[in-house]
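Please look through the sequence and the model below, and keep both at hand while reading. The paragraphs that follow take one part at a time.

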Amino acid sequence: MKPTVAAFPAARPRRLRATPALRNLVRENTLTTDDLIWPVFVRDGDGIEEPIPSMPGVTRRSIDKIKEAAQEAQALGIPAICLFPYTDPALKTEDCAEAWSPDNLVNRAIRAIKSVAPDIAVMTDVALDPYNINGHDGYVVDGEIVNDETVEALVKMTLAQADAGADIIGPSDMMDGRIGAMRRALETAGHRNVNILSYAAKYASAYYGPFRDAVGASGALKGDKKTYQMDPGNTDEALRMIERDLSEGADMVMIKPGIAYLDICQRVKSTFGAPTFAYQVSGEYAMIEAAAQNGWIDGERIMLESLMAFKRAGCDGILSYYAPAAARLLNS
Ligand SMILES: NCC(=O)CCC(=O)O
């Protein structure tokens, strides 16, 4: 659609920018707390909030502190919280059995959140990397990340999370066929209302560096994730991945990382019209924080501007470490 614009001076586009009231009236996109999913890091212990040096302002919390965070999120009106575990290295194994233990950190955290903040939707991450001795999202056999055996493990992990009360399952592993396998297993187990938010277009990105520090996977990872995560040069492939995951039973889809992949967000939303999310990942957060702490940028304004960019690109929501800070500003 080509907009009709009169010639100057009949058209003076600045008229619509003249006052806050007029700007508010004609704003095309809005950012609200309803758009936010807050990723949080869980660790063992009690009363612990441990700073993550490469993500200033973000901490690893013990479950009692996660409960407080969930209550804070509920009070701020943030609809969902997403859990990532910092697993004790002694629990990381080749078979990754801790991933589907009913009493692993994440499953205990889900139950704890549900006990104090029942209005919050709890999202989980499904991938083997927090439990894998070699840091990969899948099983490694003779140097290869094997697909089908990994999917079997991911299904067990999914069911354990759903049993614990997860509302949204977030498969971030990028194996083939996992969405269909998870959906069938959830249906069979009677978890008919558990949503799947598929990390459908997840790129092999350097922007995840600080996250791997946060979950203690940096040292463990041998090699890279390029045989399962996507090549940053590709666009059409992202559309194929989204279409496939939706056809296998994903309720919502995600593009990750965020700000460097807004073209993908825009194409995905305009092509499929499905609930579309972006993940403003750890490296994006770290870059904004580093510049803000140096006084080189206005951190609060950049935070809100970067989140608004996702809305403009068509996203329905954003996973962001800024969720509580943004919610406080948006609510003020
Ligand atoms: N599966 C979750 C992630 O890989 C998060 C990445 C990040 O925040 O950098």
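What follows leads from one helix to two annotated lysines and then to the ligand.

The model shown here is predicted, and a convenient place to begin is helix H7, which runs through residues 236–248 and so contains 13 residues. From its first C-alpha to its last, H7 reaches 19 Å, which is close to the 18 Å expected at 1.5 Å a residue. After the helix comes Gly249, a residue whose phi is positive, near 120°.

Which residues of H7 are buried? They are Ala238, Met241, Ile242 and Asp245, and because they cover an arc of only 100° around the axis, they lie on the same side of H7. The general rule behind such a pattern is that an α-helix has 3.6 residues a turn, so residues three or four places apart point the same way. The face of H7 turned away from this buried side carries Asp236, Arg240 and Ser247, which are exposed. As for what covers the buried residues of H7, the cover includes helix H5 (178–188) and helix H8 (262–272), together with strand S9 (195–202) and strand S10 (252–256).

The two strands in that list also hold the residues to consider next, since Lys202 is placed in strand S9 and Lys256 in strand S10. An unreviewed UniProt entry lists both Lys202 and Lys256 under "active site". Although these two positions are spread over 55 residues of sequence, they cluster in space, with a largest C-alpha distance of 4.9 Å.

Are these lysines buried or exposed? A residue counts as buried if 20 or more other C-beta atoms lie within 10 Å of its own. Lys202 is therefore buried, because it has 27 other C-beta atoms within 10 Å, and Lys256 is buried because it has 23 within the 10 Å limit. Leaving aside residues up to four places away in sequence, Lys202 touches Ser172, Met174, Gln229, Met230 and Lys256. With residues up to four places away again not counted, Lys256 touches Tyr199, Lys202, Tyr203, Ala278, Tyr279 and Val281.

The last stop is the ligand, which is surrounded by Asp125, Ala127, Ser172, Tyr208, Phe211, Val281, Ser282 and Gly283. By class, this shell has four nonpolar residues, three polar residues and one charged residue. Two members of the shell have already appeared above: Ser172 is one of the residues that Lys202 touches, and Val281 is one of those that Lys256 touches.

Conventions. Residues are numbered from 1 along each chain as its sequence is written. This is a predicted model: local features need pLDDT of at least 70, side-chain atom pairs count only at pLDDT 80 or more; totals for chains, interfaces and linings use all residues. Helices (H or I, at least four residues) and strands (E, at least two) are DSSP runs, numbered from the N terminus. The expected span of a helix is 1.5 Å times one less than its number of residues. A residue is buried if 20 or more other C-beta atoms lie within 10 Å of its own, exposed if 12 or fewer, and partly exposed in between; C-beta atoms are placed from the backbone. The arc is that of the directions from the helix axis to the C-beta atoms. Two residues are in contact if their C-beta atoms, placed from the backbone, lie within 7 Å. A residue is near a molecule or strand if its C-beta atom, placed from the backbone, lies within 6 Å of it. Ala, Val, Leu, Ile, Met, Phe, Trp, Tyr, Cys and Pro count as nonpolar, Asp, Glu, Lys and Arg as charged, and the others, Gly among them, as polar. UniProt positions are given in the numbering used here, feature names are shortened, and annotations may be inferred rather than shown by experiment.
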